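Q: Please take a close look at the helices of this chain and at the charged side chains around them. I am new to this structure, so a plain account is enough.

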Amino acid sequence: MIRSLPTINIDTSNTYTSNNLYKSVNFVFCLLMIAGYSLSSAAEVAPNDLTDSTNFTESETVIDSASVEKQIQRIESEQGPFGAGLSEHLQSLATQYQNDGLHEEALTVFNRAIHVQRINGGLYDLSQAPMIEQAIQSHIAVGDWGEASKRHEHLFWLHQRNFGQDDPRMLPILEKLSSWHLNAYSLNRGPVASHLLNAYSLLQSSVSLISTNFGENDTRLINPLRGIAISNYYFATLTLDQIQQKATISTGPSNAAEAERRARLEQFARNSYYSGKTAMLKILDIFEKNEGTDPVEVMVAQVQLGDWYTMFNLPNSAQKEYESALSLVLKNDSHEPLAQTARDLFSKPVALPDLPVFETEVFDNNEPHDYVLVKFDVNERGQTRNIDIIESEPSDSVGLRVNIRRALKSAKFRPRYEDGKAVKTEGLVHRYVFPKKS
């Protein structure tokens, strides 16, 4: 079983910050692995990214709510409560409520806009999809993740009714919904293991759909393959409690269905290393078979395979991949973006997995907080050594210190490289920050 440290944001003083060591924050899609090679930190991920990989159209100007309400009243008086064009004005009003942070009011109006659109356009009218997406954003804002999940499932159903399950036009919604389930899993919202199973199934559907329609070496396979690799990392880190957690809280499935779900989770956990490795190797194979591939993408994919080996305690295999990735710089000596990417990836030890985090609630470091300040080394194999607790707040937080030390001992890092070789890094200082207990 691999363990990982939670989110670590690196600043220029070489001090790392973590929001919560006890809850291992997982890492997801639109994801470094899914988005390609973005190295953004959690603070750079906007809340909107939680809902969609395809931005809906939204007015950049401030809407005059009073004027829109008058337009709504005019249409209602002339055409009745389901008049043509009413849904568009209702959506505008709801959007303004949303922009003002009035999410409950926005949801009320979005619901009416969607209902009116269905009356005018039919139950399967795709014109309601942008309104549903905006409603999801407000559900997340008010913390109603259950309803947000239902809305995502409705979006999927809506597209499937219009296109059918074997139509390539299903690919964006498959990506959207798999992203949603991985996000929900990473944030520990609801029955998390079920979210992981759903995401994995959707990603496999994407791979099958792309392979059937565009071929087994189409570059569109890369995103879902990266999602499959991430899902397998999650399977590998599942706890027994997560596997045994009920699929639903209220009306759970039958005992037989529940047993089957747990058996699937256990099987995926057993196969996680090989399944994830297979997905990553396939990505490299696709790059090799497609001319004109950006060498930066190849480097990042090779580094991610190396990270996979590191996380599964195979440092020799990892070293081969890291050195092979760095050799691309020598083969493309005039390619500055490649050289810069190499510097970004190897100039200092990187805690693994190296993926950005989706968060809806960002911890404010200006608020009172507890912390543990730690100093340690990272050797050539990405292992921590000489862990020293420098200070903590509160100073007598023995349990916090013990847990930090234990987590660091099992942590895995991509080592720093100099002149194409892994080197030891001494004296790293990390600050792990936690909300102060009330």
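A: What follows begins with the chain as a whole, then turns to its helices, and then to its charged residues.

The model is a predicted one. The protein chain has 15 helices and 9 strands. It is 438 residues long, and 50% of them count as buried. Contacts between residues at least 6 apart in sequence can be sorted by separation: 71% of them join residues at least 24 apart.

Helix H15 covers residues 398-410. With 13 residues at 1.5 Å a residue, H15 should span 18 Å, and its end C-alpha atoms lie 19 Å apart, which agrees. The buried residues of H15 include Leu400, Ile404, Ala407 and Leu408. These residues lie on the same side of H15, because they cover an arc of only 100° around the axis. A general point about spacing helps here. An α-helix has 3.6 residues a turn, so residues three or four places apart point the same way. Val398 and Lys409 are exposed, and they sit on the face of H15 turned away from its buried side.

Helix H9, residues 222-236, can be checked by its length too. Its 15 residues should span 21 Å at 1.5 Å a residue, and the distance between its end C-alpha atoms is 21 Å, in agreement. H9 is mostly covered, with 14 of its 15 residues buried. One residue in H9 is Ser231. Ser231 has a relative accessible area of 0%, so it counts as buried. Beyond its neighbours within four places in sequence, Ser231 is in contact with Leu182, Leu196, Tyr200 and Leu203.

Helix H4, residues 103-121, contains Phe110. The relative accessibility of Phe110 is 0%, and therefore Phe110 counts as buried. Several residues surround this side chain's position. Setting aside neighbours within four places in sequence, Phe110 touches Gln91, Ala94, Thr95 and Gln98, and also Met131, Gln134, Ala135 and Ser138. Of these contacts, Ala94 can be placed by distance: Phe110 and Ala94 are 16 residues apart in sequence, while their C-alpha atoms are 5.8 Å apart in space.

Now the charged residues. The structure holds 12 salt bridges. One of them joins Asp307 and Arg414, with the closest N and O atoms 2.7 Å apart. Asp307 belongs to helix H12 (residues 295-311) and Arg414 to strand S6 (residues 413-414), so this pair ties together parts that are 107 residues apart in sequence. Asp307 counts as buried, at 6% relative accessibility. Arg414 is buried as well, with a relative accessible area of 1%.

Another salt bridge links Arg416 and Glu418, at 2.3 Å from N to O. Here Arg416 counts as buried at 16% relative accessibility, whereas Glu418 is partly exposed at 43%.

Arg220 and Asp218 form a salt bridge too, their closest N and O atoms being 2.8 Å apart. In this pair Arg220 is partly exposed, with 43% relative accessibility, and Asp218 is buried, with a relative accessible area of 13%. Elsewhere, Glu258, Arg261 and Arg262 are linked in a network of salt bridges.

Asp377 is a charged residue without such a partner. It lies in strand S4, which runs over residues 369-378. Asp377 is buried yet has no salt bridge. The nearest side chain of opposite charge is that of Lys424, 4.2 Å away. A salt bridge needs the side-chain nitrogen to be within 4 Å of a carboxyl oxygen, so a distance of 4.2 Å does not qualify. The side chain of Asp377 does make a polar contact, with the side chain of Asn386 at 2.7 Å. Apart from neighbours within four places in sequence, the contacts of Asp377 are with Gln383, Thr384, Arg385 and Asn386, together with Lys424, Thr425, Glu426 and Gly427. Asn386, its polar partner, and Lys424, the nearest opposite charge, are thus both among the residues Asp377 touches.

Definitions and conventions. Residues numbered from 1 in each chain as written. Predicted model: local features only at pLDDT ≥ 70, side-chain atom pairs only at ≥ 80, totals over all residues. Heavy atoms only, no water. Helix = DSSP H or I, 4+ residues; strand = E, 2+ residues; numbered from the N terminus. Buried < 20%, exposed > 50% of the residue type's maximum accessible area, 1.4 Å probe, protein only. Lys, Arg positive; Asp, Glu negative; His and termini not counted. Polar contact = N/O pair within 3.5 Å; in protein donor to acceptor, adjacent residues only side chain to side chain. Contact = heavy atoms within 4.5 Å. Expected span 1.5 Å × (residues − 1). Arc of directions from axis to C-beta.
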